[in-house]
Amino acid sequence: MGRPAREDGQASVELIAAIPALALVTLLVAQLALAGYALWSAGVAARAGARAAYVGGDGERAARASLPGALRSGASVSERNGIQVRVRVPSLVPGLPRVPLAARAALGVVEDSGR
């Protein structure tokens, strides 16, 4: 019987090979979490704007004020058929496109003029 081949350092080589995959998965999970946070924030802002508009206030201003600063600069708010807030998800990797998301909220009776 021959001697078994030496396997010293095999675990280290396998770990080094797995690090890029682990980093990519971590980055993907973080980007998805950031997208969820942006969508949640847009929903909160839309509800805040709808509440303000319902009581006679400035719905657009209230919606913008309730957005986090990082999302506020590129956000658009419209008051047609309730309050709609559109934000772009910040990208963790420079050069990747920023994905747009929208949330809408309305209180009371909303007239649908689209028909």
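## Helix α1 and its partners across the chain

G36 lies in helix α1, and with a relative accessible area of 38% the residue G36 is partly exposed. The model described here is a predicted one. Although G36 and V89 are 53 residues apart in sequence, their C-alpha atoms are 8.9 Å apart in space. Another residue of helix α1 is L32, and L32 counts as exposed because its relative accessible area is 58%, where the cut-off for exposed is over 50%. L32 can also be set against V89, since the two are 57 residues apart in sequence while the distance from C-alpha to C-alpha is 9.6 Å.

Is S41, a further residue of helix α1, buried or exposed? S41 counts as buried because its relative accessibility is 3%, and buried means under 20% relative accessible area. Once the neighbours within four places in sequence are left aside, the residues in contact with S41 are L67, P68 and L71.

## The overall layout

The chain has three helices and three strands, and, read from the N terminus on, these elements follow the order α-α-α-β-β-β. Of the 115 residues of the chain, 21% count as buried.

Contacts can also be sorted by how far apart the partners stand in the sequence. Among contacts in the chain with a separation of 6 or more, 42% are accounted for by residues 24 or more positions apart. The pair G36 and V89, with their positions 53 residues apart in sequence and 8.9 Å between their C-alpha atoms, is an example of positions that are far apart in number and can still be compared in space.

## The nonpolar core

How many residues does the largest nonpolar core have? This core has 16 residues, and those with the most contacts inside it are A63, L67, I83, V85 and V87. The elements that give two or more residues to the core are helix α1, which covers residues 10-54, together with strand β2 (83-88) and strand β3 (100-105). Of these, α1 gives the most, with five residues.

One of the core residues with the most contacts is I83, and its surroundings can be listed in full. Not counting residues up to four places away in sequence, I83 touches A46, G49, A50, G59, E60, A63, V77, S78, A103, R104 and A105.

## Helix α2 and its salt bridge

The structure holds one salt bridge, in which the side chains of R64 and E60 meet at 3.9 Å, taken from N to O. Both R64 and E60 lie in helix α2 (residues 59-66), and they are four residues apart, which is about one turn of the helix. How accessible are the two partners, R64 with a relative accessible area of 26% and E60 with one of 31%? R64 is partly exposed, and E60 is partly exposed as well, because both values fall between the cut-offs of 20% for buried and 50% for exposed.

S66 also has its place in helix α2, and at 30% relative accessibility S66 counts as partly exposed. Leaving out residues up to four places away in sequence, S66 touches V44, A45 and A48. S66 and G49 are 17 residues apart in sequence, and from C-alpha to C-alpha they are 8.4 Å apart in space.

## The largest pocket

Rolling a probe the size of a water molecule over the atoms shows where empty space is left. In this model, about 200 Å³ of space lies in the largest pocket. The residues that line this pocket are L24, L27, L28, Q31, A35, V89, S91, L92, V93, L96, P97 and V99.

Which classes of residue make up the lining of the largest pocket? There are 10 nonpolar and two polar residues in the lining, and no charged residues. V89, which is part of this lining, was named above for its distances to G36 and to L32.

## A loop residue with a positive phi

N81 is found in the loop between strand β1 (76-78) and strand β2. The phi angle of N81 is near 55°, which is a positive value in a residue other than glycine.

Notes
Residues numbered from 1 in each chain as written. Predicted model: local features only at pLDDT ≥ 70, side-chain atom pairs only at ≥ 80, totals over all residues. Heavy atoms only, no water. Core = buried A, V, L, I, M, F, W, Y, C linked by side-chain atoms within 4.5 Å. Buried < 20%, exposed > 50% of the residue type's maximum accessible area, 1.4 Å probe, protein only. Contact = heavy atoms within 4.5 Å. 1 Å grid on protein atoms, 1.4 Å probe; cavity = no way out; pocket = protein on both sides within 12 Å on 5 of 7 lines; lining within 4 Å. Points joined across faces, edges and corners; volume = space filled by probe spheres on them. Nonpolar A, V, L, I, M, F, W, Y, C, P; charged D, E, K, R; others polar. Salt bridge = Lys/Arg side-chain N within 4 Å of Asp/Glu carboxyl O.
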